[in-house]
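This report introduces a structure to a reader who meets it here for the first time. It turns to strand pairing, then to salt bridges, and then to single residues.

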Amino acid sequence: MPTYPNVHEVLIALLSPIATTVKVKRQGQPLPYTVVRRIGGAEDSITDRPIVRVDNYAHTDEQAEELKEACRQRITDSCCTLVKGVLIDTANEITGGQDAPAPDPTDRKQTAVYQLSFRAL
C-alpha cells in the first residue's frame with residue numbers, strides 16, 4: 001500500500017507564514033489563526049486527492065475575509081511546487097469562502113474547501 005504525504009503537515013507548512021496554522025483548535029488560541037482539516041478525498045494507488053476545509057478565525061469579519069483570501073491565493077498558487085519536500089501536483093478551490101459560525105461568538109470565521117493532489121512517497 002502506498003504512503004502519501006500528510007495533508008495536514010503540508011498545509012500547516014504552506015499556510016503558517018500567513019497566520020498560525022493548526023490541525024485542531026485549542027482553547028484560548030490567539031487570533032488570528034487557521035485550522036486545516038481533511039474532510040474527504042480518495043486515492044488510486046498513485047495519487048491521493050485530499051479534500052480539505054480551511055477555517056480562518058479573526059477578530060473582525062474583514063480580518064477573517066483577508067485571511068481567507070490570503071490562504072486561498074497561497075493554496076491555489078501552490079500547484080507544481082514543493083512544500084516540506086512534497087510536490088503538490090494540483091490545488092483547486094471547491095467551495096469559495098463563506099461566513100461560518102465560530103465556537104466563540106466573539107470570533108469571526110471564514111471557511112473554504114479545497115482539493116489537492118499528491119503522489120505516493
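Two strands are said to pair if DSSP finds at least two bridges between them. In this model, which is predicted, Ile51 stands opposite Gln115 in E7, and the strands E3 and E7, which run antiparallel, are joined by ten bridges. Strand E7 is also joined to E6 by seven bridges, and these two strands again run antiparallel; here Ala91 is the residue that stands opposite Leu116 in E7. As for its surroundings, E7 is mostly covered, since nine of its twelve residues are buried.

**Salt bridges**

Side chains of opposite charge can pair when their charged atoms come close. How many salt bridges does a search of the whole structure find? The search finds nine, and three of these pairs are set out in the table below, each with the distance between N and O atoms.

| Pair | N to O distance |
|---|---|
| Arg38 and Asp48 | 2.9 Å |
| Arg49 and Asp44 | 3.3 Å |
| Glu65 and Lys68 | 3.2 Å |

In the salt bridge between Arg38 and Asp48, the closest N and O atoms are 2.9 Å apart. This pair links distant parts of the chain, with Arg38 in strand E2 (residues 33–43) and Asp48 in strand E3 (residues 47–58), ten residues apart. The two partners are covered to unlike degrees: Arg38 is partly exposed, with a relative accessible area of 31%, whereas Asp48, at 5%, counts as buried.

The side chains of Arg49 and Asp44 also meet in a salt bridge. Arg49 has a relative accessible area of 34% and is partly exposed, and Asp44, at 39% relative accessibility, likewise counts as partly exposed.

The salt bridge between Glu65 and Lys68 has a helical setting, because these residues lie three residues apart in helix H2 (residues 61–76) and are therefore separated by about one helical turn. Glu65 counts as partly exposed at 35% relative accessibility, while Lys68 is buried, with a relative accessible area of 7%. Both residues belong to a network of salt bridges that links Glu65, Lys68, Glu69 and Arg72.

**Two aspartates and their surroundings**

Asp48 has its place in strand E3, and its side chain makes a polar contact with the side chain of Arg38 at 2.9 Å. Which residues does Asp48 touch, not counting those up to four places away in sequence? They are Tyr4, Arg38, Ala42, Glu43, Leu116, Ser117 and Phe118. With a relative accessible area of 5%, Asp48 is classed as buried, because the limit for that class is under 20%.

Where does Asp107 lie? Asp107 is found in the loop between strand E6 (90–99) and strand E7 (108–119). Is Asp107 buried or exposed? At 10% relative accessibility, Asp107 counts as buried. When its neighbours within four places in sequence are left aside, Asp107 is in contact with Leu31, Tyr33, Tyr57, Ala58 and Ala102. One of these residues, Tyr57, is 50 residues away from Asp107 along the chain, and yet the C-alpha atoms of the two are separated by 6.5 Å.

How values were computed
Residues are numbered from 1 along each chain as its sequence is written. This is a predicted model: local features need pLDDT of at least 70, side-chain atom pairs count only at pLDDT 80 or more; totals for chains, interfaces and linings use all residues. Side-chain values use heavy atoms; hydrogens and water are left out. A salt bridge is a side-chain nitrogen of Lys or Arg within 4 Å of a carboxyl oxygen of Asp or Glu. Helices (H or I, at least four residues) and strands (E, at least two) are DSSP runs, numbered from the N terminus. Buried means under 20% relative accessible area, exposed over 50%, partly exposed in between (1.4 Å probe, protein chains only). Contact means heavy atoms within 4.5 Å. A polar contact is a pair of N or O atoms within 3.5 Å; within protein, one must be able to donate a hydrogen and the other to accept it, and residues adjacent in sequence count only if both atoms are side-chain atoms.
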